[in-house]
Amino acid sequence: MRETILSNNEKSFVEKSILEGLRVDKRNLNEFRNLGLFFGQDVGSVICTLGATKVFAQVSCELSSPRTSRPNEGTIFINVEMGPMAAPHLEVGFPLSDSCIQINRILERTLRESRCVDLESLCIIAEEKVWNLRVDIAVLNHEGNVMDCSCIAAVAALAHFKRPDVTTTGDGEFIIHSPAEKDLVPIVLHHYPICVTYALFDDGKIPVADPTALEERVSEASLVLAVNSYKELCCMNLTGVSLTSPHLILRCSEMAAERSRRIVEFIKSILEEDEAQRAKGNLPKGFAESIALSNLPSNFHNEEIVEKIEQPEIVGIAESSSHGETSDDEVKIIDDNTVTSGKWIEVTSEDEDSSSDEEMPEQTNTRTSQDAPKTEKKLHSNESSEEEKTIVLK
Amino acid sequence: MAACVGNSCIPGETLQEERQESSDIRKVVLGDGLRCNIVASSEEHSLPVITKNGILRRRKPNIYYVDSYQKRYIPSKNDSVIGIVTTKTLDFFWVDINASEPAALSYLAFEGATKKNRPEINVGDLVFCKVVLAHPDLEPELVCVDSTGKKGNLGQLNDGIMFSCSINLVRKVLNEKCRLLHLLSKETPFELVAGINGRIWVNSNSLRKTILLRDTILKAEHTPYEEMSNIVNDFATELTGIP
Amino acid sequence: MEIDEDRNNKMRAIASELNILTRSDGSAIITQGGSCCIASVNGPLEVSPANIDMNKAYVEVIYRPKCGLPGVNERYKEKIVKSLCETCIITQLYPRTQITVQAQEMDDHGGLLACAINAVNLAIMNSGLEMKFHMAAIHCGLDSDDNLNIDPEYVPKANLTFSRIQRSSRSQNFKGNFTFVFDSTKKSLIGVNTDGKFTIQQYNEAQKLCKDASRKIFDFYREMVKKYATVL
């Protein structure tokens with residue numbers, strides 16, 4: 001089935017209201033929807049709700065042989081699936097839908113390439129046996145921003161998961177202990193990367209946090225920033241065609257960092273609560289009951305984080321002379337070639353079309369400081385091209 | 001098993017009791033959720049069988065139907081629906097009406113339209129129209145004129161916002177017992193079109209007001225009729241300060 | 001045979017919520033004891049030319065495991081659910097259309113197929129598709145002492161873990177497993193799935209027990225209809 005066509009009325013209404021700082025669901029432009037996390041009875045199973053968007057994640061593990069290139073590391077595999085349950089026009093099976101592949105790739109980059117999971121601790125015998133982690137994410141309801149929701153679900157499920165303990169006896173033998181013999185071992189997570197999505201409107205001038213399905217369809221481009229609670233940018237992804245400026249990306253990453261910090265706190269508090277309940281022997285009640293709670297707004301207060309991040313004042317956004325220096329001071333771009341999988345986004349300055357073949361991000365940055373700061377860069381991204389770099393915000 | 005009027009009913013139950021009660025009436029009209037001869041059986045074949053879950057209702061004198069929850073629209077003749085134009089072909093607009101297939105809307109089914117004078121409607125535009133042909137084996141057909149060739153309330157919808165909701169909410173809003181629209185119109189002037197296919201369009205003189213209207217109407221789904229004035233009061237308080 | 005008040009013959013507690021997914025035409029989540037399943041129904045929708053049927057709706061069923069890729073087991077369950085859906089929905093009323101049903105496992109503590117069928121029934125109920133009757137599925141396990149257990153809960157030996165190695169052994173503490181499906185009008189058998197070793201006598205006895213137990217599920221369905229009808 002094809003997706004219902006977007007009506008011109010909806011499109012122009014959303015565009016007009018965004019210009020006035022209004023959103024169809026009465027939120028502010030940088031306000032997020034309510035977040036809920038519910039753990040299942042098994043370890044590593046979680047439902048994450050972001051407004052009406054619902055995602056189910058389950059982590060599982062099994063033994064396998066390691067990759068030859070990394071003989072002393074376990075592996076992690078991520079699988080996102082969106083079927084007709086998520087939205088009637090989506091289909092399961094091959095060929096996978098573009099949006100599904102995109103979410104899968106961004107999550108892989110966020111969780112695997114940022115090395116947040118300590119894969120070395122998943123090794124049992126180097127070059128022979130390692131644990132293979134698998135994160136299965138089933139999108140239950142697609143009401144926009146499945147990206148953030150599945151990322152939070154995946155991180156929470158990984159933090160919640162426990163694997164059986166293993167003792168090696170030397171000479172290549174090992175014993176897998178059942179839960180009765182030895183307590184289960186949690187997965188070591190170095191940091192919690194959280195994806196924060198912004199939809200870009202008005203020639204890339206207005207970022208809108210946590211877009212709904214309608215806003216996602218109307219927007220020109222979307223910017224996904226994965227930031228951990230230490231303010232480290234783990235992954236950045238820009239899709240769509242829009243004008244945008246480096247200041248906007250910086251501004252968004254500042255806000256994303258704050259959002260990420262709060263979410264990580266929230267995940268940790270919910271995990272602690274769950275841990276305490278389990279220690280007492282109270283398994284969580286069935287999902288049906290927790291889902292019922294999430295439908296009632298009055299019961300939602302203990303689970304929610306309503307956020308209103310004021311736009312942070314970044315020195316130099318308005319001041320043209322100081323801008324270049326500040327951005328140079330604040331941003332250090334590390335060109336991480338090892339993780340590059342896509343093409344660089346072709347950066348074209350509006351008045352400098354001749355130099356459009358520039359590809360190095362360092363040069364882009366320098367040029368920004370030379371040009372008048374108001375000059376906007378047009379980011380053309382082919383549908384498949386993705387950008388990979390690590391920006392450390394100091 | 002027999003179902004009673006006013007009570008919940010489940011598929012497979014029969015309309016036995018009611019039939020006896022209204023035996024003096026020669027004809028019984030079966031509405032939504034009631035069918036005859038669905039299950040082949042010797043002793044009960046003449047009795048109507050319930051096919052939907054909900055509350056069995058009776059409208060005087062002898063119309064029976066099941067009040068059930070539904071989101072997907074199944075076309076039925078004379079329904080007023082809101083559609084989105086998806087494609088244009090030589091003679092027809094193909095319109096998405098939230099049903100299983102697009103409906104046909106002829107270029108000539110507009111007021112004053114001729115072969116040369118075609119209506120100016122583009123792909124993605126909203127049209128409010130009437131279903132004139134609905135049959136499970138055929139594509140539904142729509143018109144934007146009444147039998148006298150006048151457009152009346154039908155036609156293209158400009159500006160405003162359209163949103164999807166359950167068909168029950170549309171029925172509720174249109175119900176005479178529901179004073180929501182009446183109460184809202186006392187607070188502020190606005191335009192509203194309710195398509196029975198689960199789509200509502202609202203427009204007013206400010207964007208913020210339209211957003212609030214949409215929100216209030218969606219809230220009405222789980223609000224009993226008596227409490228409608230409460231959500232309208234909430235609307236009025238939020239409205240203050242908007243020109 | 002009547003149901004004794006023995007623990008072995010008691011059904012687990014059932015809880016359910018309808019209409020929890022905004023994008024699906026009908027949806028339901030159900031927990032039976034520790035097992036949990038979510039189902040969604042969409043339809044009637046536009047059908048692809050390959051599956052078009054001029055006489056009735058094409059029913060597509062997707063069954064997803066909790067983790068890992070769907071395999072032969074899931075395909076088999078899809079087939080069972082599909083034939084049951086075609087029985088209980090009046091598909092002749094929706095020719096040249098498609099009805100899509102998706103069931104997703106959420107928690108597995110035994111009797112998951114029965115749980116999934118009940119979830120699908122509730123989702124169809126919520127979608128407003130016309131039905132001939134309701135269907136209720138009940139799981140029954142035959143333990144090593146030849147006792148029949150109605151709707152048994154899988155009791156984990158220690159703190160729960162989730163590895164795919166353990167997954168397959170979940171319902172294996174019984175030597176025989178039965179899942180019976182009954183319709184709501186005549187309480188007749190409309191579907192059955194068995195595995196393991198058992199005698200014909202044990203099978204008949206299990207069917208009788210499950211038929212009696214199905215009443216509880218039908219009562220539950222009626223409660224759900226009542227609860228959601230008054231909300232509207």
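A residue counts as buried if 20 or more other C-beta atoms lie within 10 Å of its own. The model used in these exercises is predicted.

**Exercise 1. Describe the make-up of chain A: its helices, its strands, its buried share and the reach of its contacts in sequence.**

Step 1. Chain A contains eight helices and 19 strands.

Step 2. Of the 394 residues in chain A, 43% meet the criterion for being buried.

Step 3. Take the contacts in chain A between residues at least 6 apart in sequence: 74% of these join residues at least 24 apart.

**Exercise 2. Examine helix H1 of chain A: find its length, its buried residues, how they are arranged and what covers them.**

Step 1. H1(A) runs over residues 8-19, which is 12 residues. From first C-alpha to last it reaches 17 Å, close to the 16 Å expected at 1.5 Å a residue.

Step 2. The buried residues of this helix are Asn9(A), Glu10(A), Phe13(A), Val14(A) and Ile18(A).

Step 3. Viewed down the axis of H1(A), these buried residues lie within an arc of 150°, so they line one face of the helix. The general background is that an α-helix has 3.6 residues a turn, so residues three or four places apart point the same way.

Step 4. The cover over the buried residues of H1(A) comes from two chains: it includes strand E11 (194-201), strand E12 (206-209) and helix H4 (213-218) of chain A, along with strand E10 (126-133), strand E12 (155-157) and E13 of chain B.

Step 5. Just after H1(A), Gly21(A) has a positive phi of about 80°.

**Exercise 3. Work out which parts of chain B touch chain A.**

Step 1. The contact draws 15 residues from chain B and 14 residues from chain A.

Step 2. On the chain B side, strand E7 (80-88), strand E13 (161-164) and helix H4 (207-219) each supply at least two residues.

Step 3. H4(B) gives the largest share of that side, four residues.

Step 4. Sorted by class, the side of chain B that touches chain A has seven nonpolar, three polar and five charged residues.

**Exercise 4. Relate the annotated domain to the spans in chains A and C.**

Step 1. An unreviewed UniProt entry places "domain: Exoribonuclease phosphorolytic" on residues 31-164 and 191-258 of chain A. An annotation with that name, from an unreviewed UniProt entry, covers residues 11-129 of chain C.

Step 2. In chain A, residues 31-164 are 23% helix and 37% strand, with the end C-alpha atoms 41 Å apart. Residues 191-258 of chain A are 28% helix and 44% strand, and their end C-alpha atoms lie 15 Å apart.

Step 3. In chain C, residues 11-129 are 28% helix and 35% strand, with end C-alpha atoms 29 Å apart.

Technical notes: Residues numbered from 1 in each chain as written. Chains lettered and ligands numbered in written order. Predicted model: local features only at pLDDT ≥ 70, side-chain atom pairs only at ≥ 80, totals over all residues. Contact = placed C-beta atoms within 7 Å. Nonpolar A, V, L, I, M, F, W, Y, C, P; charged D, E, K, R; others polar. UniProt positions renumbered as here; feature names shortened; annotations may be inferred. Buried ≥ 20, exposed ≤ 12 C-beta atoms within 10 Å, placed from the backbone. Expected span 1.5 Å × (residues − 1). Arc of directions from axis to C-beta.
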